[in-house]
Amino acid sequence: MQQKSKLFLQALKYSIPHLGKCMQKQHVNHCNFADHYYNRIKLKKYHLTKCLQNKPRISELARNIPSRNFSCKEFLPIKQENKKSLSENMDAFEKVRTKLETQPQEEYEIINAEIKHGGFVYYQEGCCLVRSKDEEDNDNYEVLFNLEELKLEQPFIDCIRVAPDEKYVAAKIRTEDSEASTCVVVKLGDQPVMEASFPNVSSFEWVKDEEDEDVLFYTFQRNLRCHDVYRATFGDNRRNERFYTEKDPSFFVFLYLTKDSRFLTMNIMNKTTSEVWLIDGMSPWDPPVLIQKRIHGVLYYVEHRDDELYILTNVGEPTEFKLMRTAADTPAIMNWDLFFTMKRNTKVVDLDMFKDHCVLFLKHSNLLYVNVIGLADDSVRSLKLPPWACGFIMDTNSDPKNCPFQLCSPIRPPKYYTYKFSEGKLFEETGHEDPITKTSRVLRIEAKSEDGKLVPMTIFHKTDSEDLQKKPLLVHVYGAYGMDLKMNFRPERRVLVDDGWILAYCHVRGGGELGLQWHADGRLTKKLNGLADLEACIKTLHGQGFSQPSLTTLTAFSAGGVLVGALCNSNPELLRAVTLEAPFLDVLNTMMDTTLPLTLEELEEWGNPSSDEKHKNYIKRYCPYQNIKPKHYPSIHITAYENDERVPLKGIVNYTEKLKEAIVEHAKDTGEGYQAPNIILDIQPGGSHVIEDSHKKITAQIKFLYEELGLDSTSVFENLKKYLKF
């Protein structure tokens, strides 16, 4: 049985082309972004592993603008008050920054897509797709394909699929600075050769037909829209034909092979509705079978075991996910039987199916759990995971006896755990214990929003920190598309905590941390709930002695820029500085432009201002660009990407120019001596939406924060260099 490099919901949800104008992820048209899914990740002691993400992309409206920086102070016609001089430590910073920015990525131990099949492990080694008999024997491997043949700049393998009988292997290849991808098919043998290549492939899976012929199904993405499904065969019976086309522009198509490889599921989805068709894994030329026709507001995902379908769906009350099942030959909704329900305020992170067990990975009231369901006796065992853990990293697995996974947090590298079904116990990786467990604290508190809703927060700080009110604070927020705030391990966050910073993650409405309703309460005409939640979180932090406004900074990317930009307009006095990456800042104009490929897919999140006056007026109330006024703003550092297909660069540039004009006007009215905020727009070359591992971006953002708060940055950059060399 072939292993998957993505699991159930991870494969489906993280592939959603979340437009989200401006959202991180990259799932987005104007910046929408879907959570990133992790390919198989391996950590060797403290070697940092890169987590790959499947990123759908968005339309490009941006004009081509060369990389440059803008500083608002360059445009102020008034005399500036000199800040506290930082020249002494800046020399040291510049030396370290130069080293960091020129370090090759090989300083990380980067393990891209990897998959086991039969007796081999398939993975990337240098610029080659290779396979080996032993995954730990790095010196004994067979080269299958040289990625340099594609003539791409720094290509990497994003996903690998091996044909059932190992006659072929398919790999999706892309580059860091582009969302475009190419799928290559390699015929295996004594001398492997590239059999075919397909451009703009999103998802793909192999099945075998009745005559033992390998059939590759794949989805084709055009203008950031994934609407077409193709199937192809190779060798003497070569063919490539379109299998399905989705006509509704607000939906996209994604392929997922059930873990037992019995069915290939064709998932047709938008943000709130889904429809699934079954393709017989043993008779792929037969017509597909519809499980349930799409019903507005009903989401469902399908796995298979022993002639039964297990369906994770929000159908019925409450409209949160629940697990149902039905016979595979009677798949319609009227035959679905309730099998397992989730507790209130629970987010289903993922599901994994085994021969005798179903494992649910859950987040309940901001804590992580694993529920193990015995399929023979319907028993349920709920395991509360360590309180330091903030996120799962799913591990591919074909061993029916064990369920492995990793836990991580923003300041702690992933750690392996394995649930052994035979013993009914959870085992954790032994060995060196990360010192951060003793030198830092993780707290979970709640803020009361203006409507009485309790908003969870996760806080990190050094254990021995004294007088937290005088410590710098970095607040994180997202709040869109039902996606959780990203809390995977980041070395730069670890370094900040080591240097005395407080990190606060605000799980506001619009995100998905507390389930589907938490998202519903922060989208469309409830977007302002997310802003109210963010304000309440920051005020609660200050009220409980965590920092103060003059030492408070805020960061976000993509769609998270909406709430950050709105807060800068409504309550700028709460903040000293802000960093944004590929931010969505012009919601109204972006959503009014229906020529953008993903605008229609974003209507469920932001509304339709073109045809609905209520939606238009509501967006005007919070849209960052629309609400800029002459007043004092926090200093803001924006990183944007020249060819970002998800967030129109034009909107970011227009926002920056309008903000600078408002600050200049406010400065004139205030008089000489006014200390104007520093507004920096750093436009980087490339076509990615968010580049998490960019040394240049990381160092620029940290430098900005330390300068704005008047802090000595020497030690933090020396420590960051150490962690990046892990």
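**Exercise 1. Find which residue in strand 10 is the bridge partner of Val201, then place the pair in its sheet.**

Step 1. Look across from Val201 and you land on Phe220, its bridge partner in strand 10. Strands and helices here are DSSP runs, numbered from the N terminus: H or I over at least four residues for helices, E over at least two for strands. Before going on, bear in mind that this is a predicted model, where local features need pLDDT of at least 70, side-chain atom pairs count only at pLDDT 80 or more, and totals for chains, interfaces and linings use all residues. Numbering starts from 1 along each chain as its sequence is written, and side-chain values use heavy atoms, with hydrogens and water left out.

Step 2. Now zoom out to the two strands: strand 9 and strand 10 (residues 214-222) run antiparallel, with 6 bridges between them. To count as paired, two strands need at least two DSSP bridges.

Step 3. The open sheet around them has 4 strands in the order 9-10-11-12, with antiparallel pairing. Strand 9 and strand 12 (239-245) sit at the edges, each pairing on one side only. On average, neighbours in this sheet are turned by 25° against each other, direction ignored. Those angles come from lines fitted to C-alpha atoms (for helices, over the stretch in contact) and run from 0 to 180 degrees between N-to-C directions.

**Exercise 2. Step back to Asn200 and work out what is unusual about its phi.**

Step 1. Find the spot: Asn200 is in the loop between strand 8 (193-199) and strand 9 (201-208).

Step 2. Check the backbone: phi is about 55°, so positive, although Asn200 is not a glycine.

Step 3. Check the surroundings: with a relative accessible area of 30%, Asn200 is partly exposed. That label covers what falls between buried (under 20% relative accessible area) and exposed (over 50%), using a 1.4 Å probe and protein chains only.

Step 4. Try it again on Ser365, which has a positive phi near 50° and is not a glycine either. Ser365 lies in the loop between strand 22 (357-364) and strand 23 (367-374), and at 39% relative accessible area it is partly exposed.

**Exercise 3. Describe how strand 33 is covered and which strands it pairs with.**

Step 1. Count the buried residues: in strand 33 (residues 552-557), that's 6 of 6. Thr552, Leu554 and Ala556 point one way, Thr553, Thr555 and Phe557 the other, and all are buried.

Step 2. Look at one partner: strand 31 (residues 473-477) runs parallel to strand 33, joined by 4 bridges. Here Val475 stands opposite Leu554.

Step 3. Look at the other: strand 34 (residues 577-581) is also parallel to strand 33, with 5 bridges. Thr555 has Thr579 in strand 34 as its bridge partner.

Step 4. Trace the chain: strand 33, helix 7 (residues 560-570) and strand 34 form a right-handed β-α-β unit. Right-handed means that, with the strands pointing away from you, the path from the first strand over the helix to the second runs clockwise.

**Exercise 4. Locate the cis peptide bond that involves Pro318.**

Step 1. The bond joins Glu317 and Pro318, with omega about -10°.

Step 2. Pro318 itself is in the loop between strand 18 (308-313) and strand 19 (322-327).
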